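Student: Could you take me on a close look at one part of this model, the third helix, and show how the rest of the chain is arranged around it? I'd like one connected walk-through.

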Amino acid sequence: EDEEMARDAAQKWATQELSPIVRDMDNEGKLRPEILTSLFEYGFMGMEIPEDHGGLGLNFTTACLTIEEISRVDPSVAILVDIHNTLTNNAVRFWGSKELQKKWLYRLATDTVSSFCLSEAGSGSDAFSMQTRADISPDGSY
């Protein structure tokens, strides 16, 4: 039921809020600030973040359905929502210390956009092909 409600809300938002200006944004080559504000207002930027940290507390499937509906109208906005939720927010949720979670999860759910970048030339735009290695330094650190 949550999944259907979230999908329907995303479809309605994308049709009513995003669709009327998507071509103009493409022509301008930039995201309009009101779209970003609206993504936060609708909770799309904190879907899997727990409610006690300002998010919606939804599951991964619901996030995927939401992103799918947004991508029907604008894949660029959808990838913004996707990376923010599934990479950045989840990295803080799963691997961040309690202090980092307290500092960032509320902001990531309500008003702060994250980013993702690759740091290995050999992987190009394929994050899953990235490889890394840790070498022990002379002082014993990595």
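Tutor: Of the 142 residues in the chain, 32% count as buried. Keep in mind that this is a predicted model. The chain holds six helices and zero strands, and reading along the sequence gives the pattern α-α-α-α-α-α. Taken along the principal axes, the C-alpha atoms fill a box of roughly 60 × 35 × 25 Å. If we take the contacts between residues at least 6 apart in sequence, 58% of them join residues at least 24 apart.

Now to the helix you asked about. H3 covers residues 33-41, and its buried residues are Ile35, Ser38, Leu39 and Phe40. A general point helps in reading such a list: an α-helix has 3.6 residues a turn, so residues three or four places apart point the same way. What lies over the buried residues of H3? The cover includes helix H1 (2-18), helix H2 (22-28), helix H4 (60-71), helix H5 (75-95) and helix H6 (98-110).

Let's take H5 as a partner. The axes of H3 and H5 come within 12 Å and cross at roughly 45°. The two helices are therefore oblique to each other, since this angle falls in neither the parallel, the antiparallel nor the perpendicular range. The crossing of H3 and H5 is right-handed. On the H3 side, the residues that meet H5 are Ile35, Leu36, Leu39 and Phe40. Their counterparts in H5 are Val77, Leu80, Val81 and His84.

Phe40 deserves a stop of its own. This residue lies in H3 and has a relative accessible area of 10%, so it is buried, the cut-off being under 20%. Which residues does Phe40 touch, once neighbours within four places in sequence are left aside? They are Met45, His84, Arg107, Leu108, Ala109, Thr110, Asp111, Thr112 and Val113. One of these, Asp111, is 71 residues from Phe40 in sequence, yet the two C-alpha atoms are 6.3 Å apart in space.

Just after H3 comes Gly43, with a positive phi of about 85°. In this stretch of the chain we also meet some aromatic residues: Tyr42 and Phe44 form one aromatic cluster with Trp13.

Searching the whole structure for aromatic pairs finds four of them. In the pair of Phe94 and Trp95, the ring centres are 5.7 Å apart and the planes stand at 70°, so this pair is edge-to-face. The two residues can also be described by their accessibility. Phe94 counts as partly exposed at 49% relative accessibility, while Trp95 is exposed, with a relative accessible area of 69%.

H5 has another partner, H4, which is also part of the cover of H3. H4 and H5 pack with their axes 7 Å apart, at an angle of about 160°. That angle makes H4 roughly antiparallel to H5. The crossing of H4 and H5 is right-handed. From H4, the residues at this meeting are Phe60, Ile67, Ile70 and Ser71. From H5 come Pro75, Val77, Ala78, Val81, Asp82 and Thr86. Val77 and Val81 also appear among the H5 residues that meet H3.

Staying with H4, look at Glu69, which sits in this helix. Is Glu69 buried or exposed? At 6% relative accessibility, Glu69 counts as buried. Apart from neighbours within four places in sequence, Glu69 is in contact with Arg7, Ala10, Gln11 and Ala14.

H6 belongs to the cover of H3 as well, and Gln101 is a good residue to inspect there, as its place is in H6. With 10% relative accessibility, Gln101 counts as buried. The side chain of Gln101 reaches the backbone oxygen of Gly96 at 3.0 Å. Not counting residues up to four places away in sequence, Gln101 touches His53, Val92, Arg93 and Gly96.

To bring this back to your helix: Ile35, Ser38, Leu39 and Phe40 are the buried residues of H3, and Ile35, Leu39 and Phe40 are among the H3 residues that meet H5.

Technical notes
Residues are numbered from 1 along each chain as its sequence is written. This is a predicted model: local features need pLDDT of at least 70, side-chain atom pairs count only at pLDDT 80 or more; totals for chains, interfaces and linings use all residues. Side-chain values use heavy atoms; hydrogens and water are left out. Buried means under 20% relative accessible area, exposed over 50%, partly exposed in between (1.4 Å probe, protein chains only). Helices (H or I, at least four residues) and strands (E, at least two) are DSSP runs, numbered from the N terminus. Contact means heavy atoms within 4.5 Å. A polar contact is a pair of N or O atoms within 3.5 Å; within protein, one must be able to donate a hydrogen and the other to accept it, and residues adjacent in sequence count only if both atoms are side-chain atoms. Rings of Phe, Tyr and Trp (its six-membered ring) pair if their centres lie within 6.5 Å; planes under 30 degrees apart count as stacked, over 60 as edge-to-face and the rest as tilted. Axes are lines fitted to C-alpha atoms, for helices over the stretch in contact, and angles run from 0 to 180 degrees between N-to-C directions. Angles under 35 degrees count as roughly parallel, over 145 as roughly antiparallel, 65 to 115 as roughly perpendicular and the rest as oblique. A crossing is left-handed if the near helix is turned anticlockwise from the far one by less than a right angle, and right-handed if clockwise.
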